[in-house]
Amino acid sequence: MGGTRVGLGFLSALTGILCVILVAEGRISNYFIGFIHELTYLALSFQNLYYGEGLTTIFFTVMQFVGAYYWLVDRRYGKEKKSDVKDIKAKRLTWLGWIKSLAVNLVVWLLLGFI
């Protein structure tokens with residue numbers, strides 16, 4: 001059983017990395033590789049009794065098909081439906097913003113640690 005998990009884990013990691021690379025390159029084949037990744041990760045999640053991870057992975061498995069569908073629809077009809085996309089300028093946190101952010105993260109971390 002351990003050998004199956006190791007092999008499945010390696011396949012899941014490899015397909016996950018390859019999927020991210022294909023997404024960065026803008027290739028539709030990322031959905032096929034992503035689907036393999038999600039199935040292998042789903043099997044690992046349930047084998048190791050990580051039910052929350054399994055449920056999240058089920059969502060991402062379904063979204064592989066939704067993403068591929070919208071990718072293909074946009075390729076077919078996208079040229080006529082292009083709208084003006086405005087860029088959003090990122091803002092920097094002030095020192096007070098950093099302190100607030102770190103304080104909230106610390107409080108949440110402590111609360112989750114005691115639950």
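Before I begin, one term: a helix, as I use the word today, is a DSSP run of H or I that is at least four residues long, and the helices are numbered from the N terminus. With that in hand, let me take you through the structure above, and please keep in mind throughout that this is a predicted model.

I would like to start with the overall layout. The protein chain contains four helices and zero strands, and if you follow the sequence from one end to the other you read the pattern α-α-α-α. Of the 115 residues in the protein chain, 21% are buried, and the accessible surface comes to about 9700 Å², with 70% of that surface belonging to carbon and sulfur atoms. If we take the contacts in the protein chain with a separation of 6 or more, then 53% of them are accounted for by residues 24 or more positions apart.

Next, a point that comes from a record rather than from the coordinates. An unreviewed UniProt entry carries the annotation "transmembrane region" for residues 6-24, 55-72 and 93-112. What does the model show for residues 6-24, helix or strand? That span is 100% helix and 0% strand, and its end C-alpha atoms lie 27 Å apart. For residues 55-72 the model likewise gives 100% helix and 0% strand, with 27 Å between the end C-alpha atoms.

Let me now turn to the surface, and to helix α3 in particular, which covers residues 51-77. There is a nonpolar surface patch of about 1200 Å², and its members are Phe46, Leu49, Tyr51, Leu55, Ile58, Phe59, Phe60, Val62, Met63, Val66, Tyr69 and Tyr70. Which helix gives the most to this patch? The answer is α3, which supplies 10 residues.

Two members of the patch deserve a closer look, and the first I will take is Phe46, which is found in helix α2, residues 30-47. Phe46 has a relative accessible area of 34%, and because the partly exposed class runs from 20% to 50%, Phe46 is placed in that class. The second is Leu49, which sits in the loop between α2 and α3. With a relative accessible area of 54%, Leu49 is exposed, because the cut-off for that class is over 50%. Leu49 also has a positive phi of about 65°, although it is not a glycine. As a general point, most residues other than glycine have a negative phi.

Staying with the aromatic side chains, a search of the whole structure finds five aromatic pairs. In one of them, the rings of Phe46 and Tyr51 have centres 5.8 Å apart and planes at 45°, so this pair is described as tilted. Tyr51, at 46% relative accessibility, counts as partly exposed. Another pair, formed by Tyr69 and Tyr70, is edge-to-face, with 5.2 Å from centre to centre and 75° between the planes. Tyr70 itself counts as exposed, at 54% relative accessibility.

From the surface we can move to two buried residues. Is Ser45, which has its place in helix α2, buried or exposed? At 2% relative accessibility Ser45 counts as buried, because the limit for that class is under 20%. Leaving aside residues up to four places away in sequence, Ser45 touches Tyr50, Glu53, Gly54 and Thr57. The other buried residue is Gln64, which lies in helix α3 and has 12% relative accessibility. When residues up to four places away in sequence are again not counted, Gln64 touches Asn30, Tyr31, Gly34, Phe35 and Glu38.

Finally, let us look at the stretch around the end of α1, a helix that covers residues 2-25. How many salt bridges does the structure hold? There is one, and it joins Arg27 to Glu25, whose closest N and O atoms are 2.8 Å apart. Both partners are partly exposed, Arg27 at 46% and Glu25 at 48%. A little further along, Ser29 lies in the loop between α1 and α2, and at 33% relative accessibility Ser29 counts as partly exposed. Ser29 and Cys19 are 10 residues apart in sequence, while in space their C-alpha atoms are 8.2 Å apart.

To close, the picture I would like you to keep is of a predicted model with four helices and zero strands, in which α3 gives the most to the nonpolar patch.

Methods
Residues numbered from 1 in each chain as written. Predicted model: local features only at pLDDT ≥ 70, side-chain atom pairs only at ≥ 80, totals over all residues. Heavy atoms only, no water. Buried < 20%, exposed > 50% of the residue type's maximum accessible area, 1.4 Å probe, protein only. Contact = heavy atoms within 4.5 Å. Areas by Shrake-Rupley, 256 points an atom, 1.4 Å probe, with all protein chains shown as cover. UniProt positions renumbered as here; feature names shortened; annotations may be inferred. Patch = residues over 30% accessible without salt bridge, like charges linked within 9 Å, V, L, I, M, F, W, Y side chains within 5 Å. Salt bridge = Lys/Arg side-chain N within 4 Å of Asp/Glu carboxyl O. Phe/Tyr/Trp six-rings, centres within 6.5 Å; stacked < 30°, edge-to-face > 60°.
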